[in-house]
Amino acid sequence: MKITGIELRRIAMPLVTPFRTSFGTETARDVLLVRVATPDAEGWGECVAMSEPLYSPEYVDGAADVLRRFLIPALAETTDRSPYAVNRAMEPIKGHRMAKAALETAVLDARLRANGESFASFLGATRDRVPCGVSIGIADSIPHLLEVVQGYVDEGYVRVKLKIEPGWDVEPVAAVRERFGDDLMLQVDANAAYTLADARHLARLDAFDLLLIEQPLAEDDLVQHAELARRITTPVCLDESIVSASHAAAAISLGACSVINIKPGRVGGYLEARRIHDLCRAHGIAVWCGGMLETGLGRAANVALAALPGFTLPGDTSASRRYFATDVTEPFVLGDDGCLAVPTGPGLGVEPVPEILKEVTVSTEWIPF
Ligand SMILES: CSCC[C@@H](NC(=O)CCC(=O)O)C(=O)O
Ligand SMILES: [Mg+2]
């Protein structure tokens, strides 16, 4: 597969409502898309880095820079376009996993489209629909939160995730559990907002039969997560802490988590995401597909990943309308069964709608090979 050039494209995607977490409030996504052009097909990758390095050390301007100056030149030096070769070509460059994931995905998408193979088939998906959860930000009041939860439950989401932070945790969880009963699949995500000193307070969440508590402590602290896991009964799930299969192995060996949120962008791509899936399955660790407010391009790849057999918990794979009034692809629409259909077309199985893409495009940069 000959690459003729690569396009870096920035698009501005306003959110339908502000999304507040323990590290800030998002009102729009500044998204970097990578398009790989070949004579037979083009491939798309979506970089999930946020505008500022608040979720992880990566940020979108930095991702564009490392792609332009280091990752794309490294790719240009090889002629082997197999997905594993793309990975190997980028290996000497340290970190920047979200940027690497976008480039790897775009090359893989071009290859799969040319070969007529879907992402789901390539990854080893075993289902054609995936049950969907929804992530709900910190609200300005309990009544407002209950209204928001009611709306998503009415839409059919099978699992609710509440963002929490010190001062907004036990009360909102108790209120949701009381209003919606014990059958609602409910979990929380702290985005590393607590410390081990909060263990006794976090143990109060054990009363609400949560599926998990996601990333309660600092992303670089597996030992303290293992200690916290001994002090609370709610299963600990890691997100920010897991950036590779070896991190997942370390976390499992230390007992730092019993569930893992797999985000392909965070771990450097879908191949590493599948390695983590395989590792966790072998250890009996449940995994689910996390989200970074992706457009339909990243969403398509995530839904394909979520269809692998080890993804036994509903992911943050919501419908497009959860975040965007207009998606850049045909919208992902939640079925009556609370599921999204896994795309079956070649590659990602979706593509940007040209006139919408044009409307949201802020800048494009063409890098010839
Ligand atoms: C802006 S917060 C992005 C990271 C966050 N993602 C979500 O909560 C889910 C977002 C989504 O539905 O894509 C997480 O820590 O899991
Ligand atoms: Mg999270």
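This passage describes how the two domains of a predicted model are arranged and how they meet.

The domain assignment of the chain divides it into domain 1, made of residues 5–116 together with 353–368, and domain 2, which covers residues 121–341. The C-alpha centres of domain 1 and domain 2 lie 23 Å apart, and the contact between them takes 35 residues from domain 1 and 43 residues from domain 2. A separate annotation comes from an unreviewed UniProt entry, which lists residues 142–235 as "domain: Mandelate racemase/muconate lactonizing enzyme C-terminal". In the model, this span is 41% helix and 13% strand, and its end C-alpha atoms lie 25 Å apart.

The area buried between domain 1 and domain 2 is about 3200 Å², and carbon and sulfur atoms give 66% of that area. On the side of domain 1, the residues that lose the most area to domain 2 are Phe19, Arg20 and Tyr55, which together account for 21% of what that side buries.

Polar interactions also cross the boundary, with a count of 15 residue pairs in polar contact between domain 1 and domain 2, both residues of each pair being at pLDDT 80 or more. The elements that give two or more residues to the side of domain 1 that touches domain 2 are strand 1 (5–21), strand 2 (24–37), strand 3 (42–47), helix 2 (83–90), helix 3 (97–115) and helix 13 (354–360). Of these, strand 1 gives the most, with nine residues. By residue type, this side of domain 1 divides into 24 nonpolar, five polar and six charged residues.

Side chains of opposite charge can pair when their charged atoms come close. In the model, the count comes to 23 salt bridges, and one salt bridge is found across the interface of domain 1 and domain 2. The side chains of glutamate 165 and arginine 20 meet in a salt bridge, with an N to O distance of 2.8 Å. This pair links distant parts of the chain, for glutamate 165 lies in the loop between strand 6 (159–163) and helix 6 (170–180), whereas arginine 20 belongs to strand 1, and the two are 145 residues apart.

Terms used:
Residues numbered from 1 in each chain as written. Chains lettered and ligands numbered in written order. Predicted model: local features only at pLDDT ≥ 70, side-chain atom pairs only at ≥ 80, totals over all residues. Heavy atoms only, no water. UniProt positions renumbered as here; feature names shortened; annotations may be inferred. Helix = DSSP H or I, 4+ residues; strand = E, 2+ residues; numbered from the N terminus. Domains from an automatic or database assignment. Contact = heavy atoms within 4.5 Å. Buried area = accessible area lost by both parts, 1.4 Å probe. Salt bridge = Lys/Arg side-chain N within 4 Å of Asp/Glu carboxyl O. Polar contact = N/O pair within 3.5 Å; in protein donor to acceptor, adjacent residues only side chain to side chain. Nonpolar A, V, L, I, M, F, W, Y, C, P; charged D, E, K, R; others polar.
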